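Please open the model in your viewer and keep the selection tool at hand. The stops below go from the whole chain to single strands and helices, and each one begins with something to select.

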Amino acid sequence: MLVKIFGGAINGIEATTITIEVNILWGAKFIIVGLPDNAVKESQQRVDSALREIGSRIPGKRIIVNMAPADVKKEGSAYDLPLAIGILAANEEIPTEGLELFVIMGELSLDGTLLPVKGVLPISINAQTAGFTNMIVPYENANEASVVKGLKVYGFHHLREVISFLNGKDKGIPFIFDPAQTNIGDTELTACDFKDVKGQENVKRAMEIAAAGGHNMLMIGPPGSGKTMLARRLPGILPPMTTEESLETTKIHSVAGKLKRNSALISTRPFRSPHHTISDIALIGGGSFPRPGEISLACNGVLFLDELPEFKRSALEVMRQPLEDRKISVSRAKFSVEYPANFMLIASMNPCPCGYYTHPTKECSCTGQTIQRYLSKISGPLLDRIDIHIEVIPVELEKITGTQQGEPTRDIRERVIRARNIQNERFSPYPGIHSNAQMNSALLRKFCPLDTQCISLLKIAMQKFGLSARAYDRIIKLSRTIADLAGTGQITPHHIAEAIQYRCLDREAWGSRISYPT
């Protein structure tokens, strides 16, 4: 008897409907076709053991399983459950009526327990789009799948429960997604508060501008000056996530297998801080079994690269295109996938190998050549794509021991949200554009008109620092954000001047400002 069961396959962060056809004929062989990987081929042993635990078994006949479309790679153990249901239905042990309305996914343990799988959210979104009305998943994936409206999601712990449900003995209760439990649009304010940061007013101002416009930022300063501490406080001042951002972020983490069990939507902006020994593939994504990399896991949040020059140069250079396009396309001989990469890059570095070149009291032990070689690890093209460069100077002892608190995170965040609201209204006719950092050249000309004083100031900066055309555009974008924070519609020379000072670490500026010791 021929039976069709429906599942899903992941490509990037999107899903494709997979039709699993099971036919039982005379003979004695189990065959799976349709481009399955080894994990899918091994499912026969897991399915056989699970069926025996519930008093059934794989029929001793010729079983042909076709997974269509045949040109889409089928990976992982998530097809165990639909295969088991297909075999039972083809052997007439469960009714086939209504199975065409279900998408079924799940991994089976040897005793029939259902184990959670990756990528359930994009599969459930695709199922709803394709016209399916029901979905069966492991219990721990049910909250995630129930996010999709118009889809009844049933979560079960054991294969026995699924069979009882399909036989009509147990009606089952679909999971109901409760938005109130996920707090969509409400960023978690942790114990990391800016009020505990002593001094560093210029750096906090730069971080406020970066958060308000979605700009990339590089901090350079001696060890112990507070670079990492400040970076970890940045997510607290970012605006709340929208439902669309939550969905996109959750899909990425679901595909990567990073989603917590029994969770639904991710409601807080991600903060990813990979170690400097990370490989190129781990950073941008891909691999033999394609998975999102750190730049995609940081989508709609912050990617923090501490000790930037210690990262492999090849790993840093692969970020050039994602920083511009806000997506990453991974192409190999056997596959091509695309992952979102709309992240804020926050990086930190020391001014020299020993770390004390710009320290006000400690003496630097590095030679001029050593310092130049260290700074050259950051290429000009990558530096050009970072909007804000700022020096972080160690805080004076009087400020550290003082009792006066700084401005709290909540107050800074309110100003950031007001500036982002201005940008959301400004870019509402332009899909995919939500912040000043995302403006292209056409939008830059439309929303950032400059008077003669501003243009004159920019010309002086271009000649003095040897800035590129990209740096020119980024200064204007920064000026637009500074004006939004001030609540003014017109960019003034004051805004341009403040934006220029955040480009002080450009490649040419380093050479002109630093007199290396001999």
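Two strands count as paired if DSSP finds at least two bridges between them. Helices (H or I, at least four residues) and strands (E, at least two) are themselves DSSP runs, numbered from the N terminus. The model is predicted, so local features need pLDDT of at least 70 and side-chain atom pairs count only at pLDDT 80 or more, while totals for chains, interfaces and linings use all residues. Residues are numbered from 1 along each chain as its sequence is written, and side-chain values use heavy atoms, with hydrogens and water left out.

**The whole chain**

Begin with everything shown as a C-alpha trace, which spans about 85 × 50 × 45 Å along its principal axes. The chain holds 23 helices and 18 strands. Of its 518 residues, 52% count as buried, where buried means under 20% relative accessible area, exposed over 50%, and partly exposed in between (1.4 Å probe, protein chains only).

**Strand E4 and its partners**

Select strand E4, residues 62–68, and show its side chains. In a regular strand the side chains alternate between the two faces of the sheet. Here Ile 63, Val 65 and Met 67 point to one face and are buried, while Arg 62, Ile 64, Asn 66 and Ala 68 point to the other and are not.

Now add strand E2 (residues 14–25), which pairs with E4 in the antiparallel sense over 7 bridges; in this pairing, Asn 23 stands opposite Ile 64 of E4. Add also strand E3 (residues 30–33), which pairs with E4 in the parallel sense over 4 bridges, and look for Ile 32, whose bridge partner in E4 is Val 65.

Which residues are in contact with Val 65, leaving aside its neighbours within four places in sequence? They are Ile 20, Glu 21, Val 22, Phe 30, Ile 31, Ile 32, Val 33 and Leu 83, with contact taken as heavy atoms within 4.5 Å.

**The largest nonpolar core and helix H3**

Next select Ile 20, Val 65, Tyr 79, Ile 85, Met 135, Ile 136 and Leu 159, which touch the most other members of the 61-residue largest nonpolar core. Such a core is a set of buried Ala, Val, Leu, Ile, Met, Phe, Trp, Tyr and Cys residues joined through side-chain atoms within 4.5 Å. Helix H3 (residues 80–90) gives the most to this core, with 8 residues. A second, separate core of 50 residues includes Val 203, Ala 211, Leu 467 and Ile 500.

Stay with H3 for a moment: 11 of its 11 residues are buried, so the helix is largely enclosed by the rest of the structure. Just after H3, Glu 92 takes a positive phi of about 60°.

**The open sheet**

Move to the open sheet of 5 strands, which has the order E11-E14-E17-E10-E18 with parallel pairing. Strand E11 (271–272) and strand E18 (388–391) stand at the edges, each with a single partner strand, so one side of each is left without a neighbour in the sheet. Within the sheet, 4 bridges join strand E10 (residues 217–220) to strand E17 (residues 344–349), and these two run parallel; select Leu 218 and you can find its bridge partner in E17, Ala 347. Helix H8 (residues 201–213) packs on the sheet and touches E10, E17 and E18, its direction making about 165° with that of E18.

**Helix pairs**

Keep H8 and add helix H21 (residues 469–486). The two pack at an angle of about 100° with their axes 9 Å apart, where axes are lines fitted to C-alpha atoms, for helices over the stretch in contact, and angles run from 0 to 180 degrees between N-to-C directions. H8 and H21 are therefore roughly perpendicular to each other, the term for angles of 65 to 115 degrees, whereas those under 35 count as roughly parallel, over 145 as roughly antiparallel, and the rest as oblique.

For a second pair, select helix H4 (residues 120–129) and helix H10 (residues 243–256), whose axes come within 7 Å and cross at roughly 120°. That crossing makes H4 oblique to H10.

**Helix H15**

Finish at helix H15 (residues 368–375), where Gly 368, Ile 371, Tyr 374 and Leu 375 are buried. These residues cover an arc of only 130° around the axis, which puts them on the same side of H15; the arc is that of the directions from the helix axis to the C-beta atoms. The face of H15 turned away from its buried side carries the exposed residues Gln 369 and Arg 373.
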